[in-house]
Amino acid sequence: MSILYTLTLAGVAGIGVIWLAAQNIRVVRQFERGVVYRFGRVQSRVRGPGLTMLIPVADRLQKVNMQIITLPVPAQDGITRDNVTVRVDAVIYFKVEDPVRAAVDVQDYMSAIGQVAQTSLRSIIGKSNLDDLLSNRERLNQGLELMIDSPALGWGIHIDRVEIKDVVLPDSMKRSIARQAEAERERRARVITADGELQASEKLAQAARVMSEQPAALQLRLLQTVVEVAAEKNSTVVLPFPVELLRFLEKATEAQRPSTDSPATANGETPELAAHAQ
């Protein structure tokens with residue numbers, strides 16, 4: 001009877017030991033690292049992925065995620081350096097590099113990074129112009145990353161990337177920017193039109209010089225105009241009138257003008273002799 005009682009006690013003790021050992025075996029996943037506290041003191045050795053054994057009662061394991069964490073930064077209202085009210089939000093990508101410092105030096109590194117990101121984003125808004133927020137975000141992202149990474153290094157955290165997602169402008173500023181863009185497009189259109197007119201005038205001047213040197217070119221141009229008008233199949237009839245004929249008539253009129261000015265000139269007398277005779 002005593003032997004049976006002893007075996008029963010031994011079995012119960014063995015089961016208790018096995019249960020206690022099972023309760024102190026932990027599984028650390030591939031993307032995690034384990035920080036062990038022994039009687040409240042952190043151990044320098046970090047437990048890697050796999051099974052890890054803890055000392056009953058003495059050890060406590062804290063798992064730290066080593067993956068890249070995406071943390072959205074709430075939209076922050078601010079006034080830019082050129083006195084424009086904007087609302088800007090961003091996103092942060094970071095990861096833990098030293099799990100011991102991340103677990104010991106800061107109480108909640110996720111909340112700490114979020115608060116630093118919000119204050120840094122407000123500071124960046126106040127130091128930047130509106131044009132930089134809209135068109136030069138890469139430089140602002142780098143500056144924001146440096147501002148957040150400076151305190152995060154002391155917590156064993158590395159800031160991988162920071163990006164400004166959206167910039168919300170007031171409606172009045174949107175209308176002003178739209179008017180500015182419209183005026184800029186109109187200015188470019190006028191410059192292009194003026195440049196085209198300048199080039200056309202230069203070409204027309206060259207064509208006029210060629211036609212003045214070669215009169216036949218003008219006749220060919222008139223014939224080409226007749227062909228273009230006739231191709232439209234309309235009722236308009238174009239009759240080219242040679243410029244040389246107009247010049248001939250002008251010369252003939254000038255030649256006949258002295259004989260028709262007064263009767264004295266018709267009799268062969270000069271205007272001065274006719275006046276003296278009278």
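Me: Before we look at the 3-2-5 sheet, what makes two strands count as a pair?
Reply: Two strands pair if DSSP finds at least two bridges between them. With that settled, strands 3, 2 and 5 make an open sheet in the order 3-2-5, with antiparallel pairing. Keep in mind that this is a predicted model.

Me: Thanks! Which strands stand at the edges there?
Reply: Strand 3 (41–42) and strand 5 (59–65) do. Each has a single partner strand, so one side of each is left without a neighbour in the sheet.

Me: And how many bridges hold strand 2 and strand 5 together?
Reply: Seven bridges, in the antiparallel sense, between strand 2 (residues 32–38) and strand 5. One residue to click on is Val36, whose bridge partner in strand 5 is Leu61.

Me: Let me zoom out for a second. How many helices and strands does the protein chain have?
Reply: Ten helices and eight strands. The protein chain has 278 residues, and buried residues make up 23% of them.

Me: What about the surface, how much of it belongs to carbon and sulfur atoms?
Reply: That share is 57%, out of an accessible surface of about 19600 Å² for the protein chain. As for contacts between residues at least 6 apart in sequence, 64% of them join residues at least 24 apart.

Me: OK, on to the sheet with strands 6, 7 and 8. What is its order?
Reply: The order is 6-7-8, an open sheet of three strands with antiparallel pairing. Strand 6 (69–79) and strand 8 (157–168) are the edge strands, each pairing on one side only. From one strand to the next, the twist averages 25°.

Me: Which helices pack on that sheet?
Reply: Helix 3 (residues 109–127) packs on it and touches strand 6, strand 7 and strand 8, with a direction about 35° from that of strand 6. Helix 5 (residues 137–152) packs on the sheet too, touching strand 7 and strand 8, and its direction makes about 140° with that of strand 8.

Me: Nice. How many bridges join strand 6 to strand 7?
Reply: Nine bridges join them, with strand 7 covering residues 85–96 and the two running antiparallel. Val73 has Ala90 as its bridge partner in strand 7, and Thr70 stands opposite Tyr93.

Me: I'm looking at the hairpin of strand 6 and strand 7 now. Which residue takes a positive phi?
Reply: That would be Asn83, with a phi near 65°. The hairpin has five residues between the strands.

Me: And the other side, how many bridges do strand 7 and strand 8 share?
Reply: They pair over ten bridges, again in the antiparallel sense. In strand 8, Glu163 is the bridge partner of Val91.

Me: Oh, Glu163! Which residue does its side chain meet in a salt bridge?
Reply: Arg161, at 2.3 Å from N to O. Glu163 counts as partly exposed because its relative accessibility is 26%. Arg161 is also classed as partly exposed, at 39% relative accessibility.

Me: What is the total count of salt bridges?
Reply: The count comes to nine salt bridges. Another one of them links the side chains of Arg101 and Asp105, at 3.5 Å from N to O. Arg101 is partly exposed at 34% relative accessibility, and Asp105 is partly exposed with a relative accessible area of 45%.

Me: Where do Glu184 and Arg188 lie?
Reply: Both lie in helix 6 (residues 171–213), four residues apart, which is about one turn of the helix. They form a salt bridge, with the closest N and O atoms 3.2 Å apart. Salt bridges that share partners join Glu184, Arg187 and Arg188 into one network. Glu184 counts as partly exposed, at 31% relative accessibility.

Me: Last topic, the nonpolar patch on the surface. Which residues form it?
Reply: Ile25, Val27, Leu51 and Met53, with about 400 Å² of accessible area together. Strand 1 (25–28) and strand 4 (50–53) are the elements that give two or more residues to this patch.

Me: Why does Val27 count as partly exposed?
Reply: Because its relative accessibility is 49%, and partly exposed ends where exposed begins, at over 50%. Val27 is found in strand 1, if you want to pick it out.

Note on methods:
Residues numbered from 1 in each chain as written. Predicted model: local features only at pLDDT ≥ 70, side-chain atom pairs only at ≥ 80, totals over all residues. Heavy atoms only, no water. Axes fitted to C-alpha atoms, helices over the stretch in contact; angles between N-to-C directions. Contact = heavy atoms within 4.5 Å. Buried < 20%, exposed > 50% of the residue type's maximum accessible area, 1.4 Å probe, protein only. Areas by Shrake-Rupley, 256 points an atom, 1.4 Å probe, with all protein chains shown as cover. Patch = residues over 30% accessible without salt bridge, like charges linked within 9 Å, V, L, I, M, F, W, Y side chains within 5 Å. Salt bridge = Lys/Arg side-chain N within 4 Å of Asp/Glu carboxyl O.
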